[in-house]
Amino acid sequence: MKFKAILAALMSVFTFSASGLEIGGKLPNLKGKNQDGKEVVLKAAEGNQWLLIFTYPKAMTGGCTKQVCSVRDSFENLQGQKVTVFGMSTDDVASQKKFVDAHKLPYDLISDPKGELAGALGVPVKLGKFAARQAYLFKDGKLVWKDEKGATSTQGEEVLKAIEAAK
């Protein structure tokens, strides 16, 4: 029994998570640097607009590549639905730039090296450096859908299904 208590204590030290956003919750004020080092404000556009923020653990890794490419492959359809898209991880700006260039991503990747933006959304950051794979869809600034397990190769399709269901 002591082993389980020690393990639980260690996990609490190495995992940071703010309380997660609930459906209907308001988009927190978020700012970060994109892959070009430019400050970006992640906010919902006015007038029946959608905002997708998805998080991934590490640029240039297998599951993360599948996730960003799934969103890339659905990007035209997402744009048709007036969705603004941001990917986010704790990687630095240079790593995000390399990831965007390598996979020809048509949307910004946000660098969150301290996990502050992830924490504002309630995304766990493990070992102080790996954001959990999750996705959040906002409409007019309110959370309408979230994927706390984070799809990889189907993330884009799942977001499009969520939009249809929310209409």
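Visitor: What percentage of the 167 residues in the protein chain is buried?
Guide: The structure is a predicted model in which local features need pLDDT of at least 70 and side-chain atom pairs count only at pLDDT 80 or more, while totals for chains, interfaces and linings use all residues. Residues are numbered from 1 along each chain as its sequence is written, and side-chain values use heavy atoms, with hydrogens and water left out. A residue is termed buried under 20% relative accessible area, exposed over 50%, and partly exposed in between (1.4 Å probe, protein chains only). Of the 167 residues in the protein chain, the buried portion is 47%.

Visitor: Over which residues is the pLDDT below 50?
Guide: The predictor's confidence in each residue, from 0 to 100, is its pLDDT; the mean for the protein chain is 86, and 86% of its residues reach 70 or more. One stretch has 17 contacts in the model beyond near neighbours in sequence, a contact being heavy atoms within 4.5 Å. Where pLDDT is low, the predicted coordinates should not be read in detail. The stretch with pLDDT below 50 covers residues 3-18.

Visitor: How many helices and strands does the protein chain have?
Guide: Both kinds of element are DSSP runs numbered from the N terminus: helices are H or I over at least four residues, and strands are E over at least two. By that rule, the protein chain has 6 helices and 10 strands.

Visitor: Which strands are the edge strands of the open sheet?
Guide: The open sheet has 7 strands in the order β3-β2-β6-β5-β4-β9-β10, with mixed pairing. Two strands pair if DSSP finds at least two bridges between them. Each edge strand pairs on one side only, and these strands are β3 and β10.

Visitor: Which residue of β3 is the bridge partner of Lys-31?
Guide: Strand β2 (residues 30-34) pairs with β3 in the antiparallel sense over 4 bridges. Their hairpin has 4 residues between the strands, and Gly-37 there takes a positive phi near 80 degrees. Along β3 (residues 39-42), Val-40 and Leu-42 point to one face and are buried, whereas Glu-39 and Val-41 point to the other and are not. The bridge partner of Lys-31 in β3 is Val-41.

Visitor: Which residue of β6 is the bridge partner of Gly-87?
Guide: Strand β5 is largely enclosed by the rest of the structure, because 6 of its 7 residues are buried. It pairs in the parallel sense with β4 over 6 bridges, and Phe-54 stands opposite Gly-87 of β5. With β6, the pairing of β5 is again parallel, over 4 bridges. The β6 bridge partner of Gly-87 is Leu-109.

Visitor: At about what angle does α2 run to β4?
Guide: Axes are lines fitted to C-alpha atoms, for helices over the stretch in contact, and angles run from 0 to 180 degrees between N-to-C directions. Helix α2 lies across β4 (50-55), β5 and β9 (134-139). Its direction relative to β4 is about 160 degrees.

Visitor: Why are the buried residues of α4 on the same side of the helix?
Guide: The buried residues of helix α4 (residues 93-103) are Gln-96, Phe-99, Val-100 and His-103. The arc is taken from the directions that lead from the helix axis to the C-beta atoms. These residues lie on the same side of α4 because they cover an arc of only 95 degrees.

Visitor: Which exposed residues does the face of α4 turned away from its buried side carry?
Guide: The buried residues of α4 are covered by elements including α2 (62-73), β5 (83-89) and β6 (108-111). On the face turned away from the buried side, the exposed residues are Ala-94 and Lys-98.

Visitor: What is the relative accessibility of Lys-104?
Guide: Lys-104 lies in the loop between α4 and β6. Its phi is near 50 degrees, a positive value in a residue other than glycine. Lys-104 counts as exposed, because its relative accessibility is 67%.

Visitor: What distance separates the C-alpha atoms of Lys-58 and Phe-130?
Guide: Lys-58 lies in the loop between β4 and α2 and is partly exposed, with a relative accessible area of 35%. Not counting residues up to four places away in sequence, Lys-58 touches Cys-64, Asp-91 and Phe-130. Although Lys-58 and Phe-130 are 72 residues apart along the chain, their C-alpha atoms are separated by 6.7 Å.
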